[in-house]
Amino acid sequence: RTSSDTQLDKVQIKSASVYNIHGLSGSQHSLSVPPIHKDVVGYRGSNEFILTDDKQSTMDQIKAIGPWARRKCKNMCRRKILYKRVPVLNWLPKYNMDDAVGDLVAGITVGLTVIPQALAYSSIAGLPAAYGLYGSFIGCFVYILLGSCKDVPMGPTAIASLLTFQACDGVWQRAVLLCFLTGLIELLMGLFGLGFLIDFVSGPVSSGFTSAVSLIILSSQVKDLLGIAAKGNTFIEQWSSIIDDIHNTQVGDALMGFICIVVLLLMRLLPRIKVGPPDACDQSVAQKIINKSLWLIGTARNAIIVVVCGGIGAAFYENGKEPFRMIGDVPSGLPSVQAPPFSVPEVRDANGTIVQEYESFGDLLQGLGSMLIVIPLIALLENIAICKAFADGKPVDATQELIAIGVSNIANSFVQGYPGTGALSRGAVNNASGVRTPFGGLYTGLLVILALLFFTPYFFYIPRAALAAIIIAAVIFMIEVRVVKPMWRSKKTDLIPGIATFIACLALPLEYGILVGIGLNILFILYHAARPKIHMDQAVTPCGVKYLMLTPDRCLIFPSVDYVRNLINKHGLKSQIPVVIDCTHIYGADFTAAQVIDTLIKDFKSRNQLLLFLNLKPSVGNVFEGADLEYRVFYDFEQLDKAIQECRRKSIPA
């Protein structure tokens, strides 16, 4: 270190090329480092060793806990942290009329999308239609305060609904408790900064999972589309049940369902139609009105289908005779605010037969099992996907999003909602509607409240086939076929975990399917860690002495060291010239690696072949020194060339 005020208590520099390193036990080690010539072309690395001896006793470490905790608490109470963890404080003081108009339009537009989706998604979760609406308003209000992305509309999603069904099997008490526990786990993950866990779910695994879930959701709606009874959690079980009961298909339901799908797909194209010049500035007032109307009709297509089909259902309903299978009674009014249920009561029918058995809190936890981890991770994945899609280059705070959706789900559980998060489809509508801040969620939530207060009597007439058509028309675009071609072009092996996840999720429960994908990804990572690439170059010193330069491309840890040793020995035996290991890319090593490198050094000594090291990182050097390795390391090519020439001339091993 060149600073005049640098103090080296434990490290004394004896010369330009020698460091004396004092161990804790008083022993000394010396490491020869050649003098540095910064004007030498090709100089790489650093000769700096920053060694400290700040070992504290156990009692000192225990005493330091108090000051550390006080510092952490003080940092948490800083204004910067407050503004980071309560994002509304950043944008609310700058809120203006333009923001208010943009949020109002976007909030109402998203509300028209949320209401029919909430009714439809509740059927995926196996719950009465009202529970989809119960989980669609409180979360919107909470996200205004804590959310960091303006485009995220909180509420039920197709994937979260399917996971809820697989975990709760249609028992609303389980679903509400799952919402509470999911929110609690998400909040704790956010407070402990565990947002990095989604990094273990790679793109191929995420695509395989999403595609499989889309097919399962589509399959789950075929029964309502055809007006038959079918059950099953997995893809195979569902289609087996559908085939068994397909002879009971109701013509009216099937006809309405397929017509709705076609109409929805056609209406989806309306926003792309532009009347007049492409540039809005050059369009007349009439052209702008037509284009806006086409966009609004295409965006609110789900609500239009629900209203029209509900009207058809009401028109043909006569004295209890239903022309189609309808969703039935939806309780009017807002849900009561109460703590989530921590047990399931025993339910008996009129004959005294037990319809639903009693379940304690422990039984519920055991039944929910791994879903308590899978659902928070998938919810975060869905939410971060929206944030990244509309971030415009801004960083995405996964920790804050975990806190926001966690508190939202906890709040939802007190109004009998089931787990939800941001939906990409609604996020796209929100963004296209011109949302300016998270305040748009206020109008979405108010619209859901109005629907619960005044329109629930009319929900009775909505055909199930129409809701099934809405879900099928939405999830069919979630099947990520488009990623297969670029994945094949870029790296074919990425298809393996993606396809494995896809197949496993179709054949097994979803939590096992995604674990299969993550497990395969980890195996691939471990394989690459155990098989580093070694670049080989043959170089010549200025005096004409040839030597072999071997450059490993990653750190030396126990799975890879035997492989590296065998490769270096192989190249050394084949060439019989001095070998230099360029450690530029070796940023870490462990004790096993040090032992194997020691064996490698002895291998070269036994056949009188020169082995040298170049650009060894100080941290790696510390590991080697701790294992008492005898080796020579250099940090510039001039000294390296001199050492090779000298050892070659004297014909002595290094």
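Which residue is the bridge partner of L614 in β12? Keep that in mind while we walk over to the sheet; remember along the way that this is a predicted model.

**Stop 1: the sheet**

Select strands β8 to β12. You're looking at an open sheet of five strands, in the order β8-β9-β10-β11-β12, with mixed pairing. Now pick out β8 (534–540) and β12 (633–634): these stand at the edges, and each has a single partner strand, so one side of each is left without a neighbour in the sheet.

Zoom in on β12. Its link to β11 consists of two bridges, and the two strands run parallel. Here's the answer to the opening question: L614 has F634 as its bridge partner in β12. While you're here, show helix α25 too. α25 packs on the sheet, where it touches β10 and β11, and its direction makes about 135° with that of β11.

**Stop 2: strand β10 and its neighbours**

Next, select residues 579–582, which form β10. Turn on the side chains: V579 and I581 point one way, V580 and D582 point the other way, and all are buried.

I581 is a handy place to look both ways. Opposite I581 stands L550, and over in β11 the bridge partner of I581 is F613. The strand pairings go like this:

- β9 (residues 546–552) and β10 pair in the parallel sense, over three bridges.
- β10 and β11 (residues 611–614) also run parallel, joined by four bridges.

Now trace the chain. From β9 it crosses through helix α24 (residues 561–575) to β10, and this β-α-β crossover is right-handed. Carry on from β10 and you meet another right-handed β-α-β unit, made with helix α25 (residues 591–606) and β11.

**Stop 3: the nonpolar cores**

Time to look inside. Select L133, F209, I217, F459, L467 and L510: these have the most contacts inside the largest nonpolar core, which has 100 residues. Colour helix α10 (residues 203–226) as well, since this helix gives the core its largest share, 10 residues.

Centre on F209. What does F209 touch beyond its neighbours within four places in sequence? Look for I159, I378, T501, C505, L510 and I514. Apart from this core lies another one, of 30 residues; I601, L611, A627 and V633 are among them.

**Stop 4: a buried glutamine**

Jump to Q400, in helix α17 (residues 398–413). Is Q400 buried or exposed? Buried, with a relative accessible area of 0%. Leaving aside neighbours within four places in sequence, Q400 is in contact with K84, R85, P87, L146 and S148.

**Stop 5: salt bridges**

The count of salt bridges comes to nine. Try these:

- Select E359 and R174. Their closest N and O atoms are 2.6 Å apart. E359 sits in the loop between β6 (354–356) and α15 (361–368), and R174 in helix α9 (residues 172–191), so the pair ties together parts 185 residues apart in sequence. E359 is buried, at 15% relative accessible area.
- Select E630 and K605, whose closest N and O atoms are 3.5 Å apart. E630 lies in the loop between α26 (618–626) and β12, and K605 in helix α25, so this pair ties together parts 25 residues apart in sequence. E630 is exposed, at 57%, while K605 is partly exposed, at 36%.
- Finish with K223, D224 and R325, which are joined into one network by salt bridges that share partners. D224 and K223 meet at 3.8 Å, N to O, and both are buried.

Note on methods
Residues numbered from 1 in each chain as written. Predicted model: local features only at pLDDT ≥ 70, side-chain atom pairs only at ≥ 80, totals over all residues. Heavy atoms only, no water. Core = buried A, V, L, I, M, F, W, Y, C linked by side-chain atoms within 4.5 Å. Buried < 20%, exposed > 50% of the residue type's maximum accessible area, 1.4 Å probe, protein only. Contact = heavy atoms within 4.5 Å. Pairing = 2+ DSSP bridges. Right-handed = clockwise from strand over helix to strand, strands pointing away. Axes fitted to C-alpha atoms, helices over the stretch in contact; angles between N-to-C directions. Salt bridge = Lys/Arg side-chain N within 4 Å of Asp/Glu carboxyl O.
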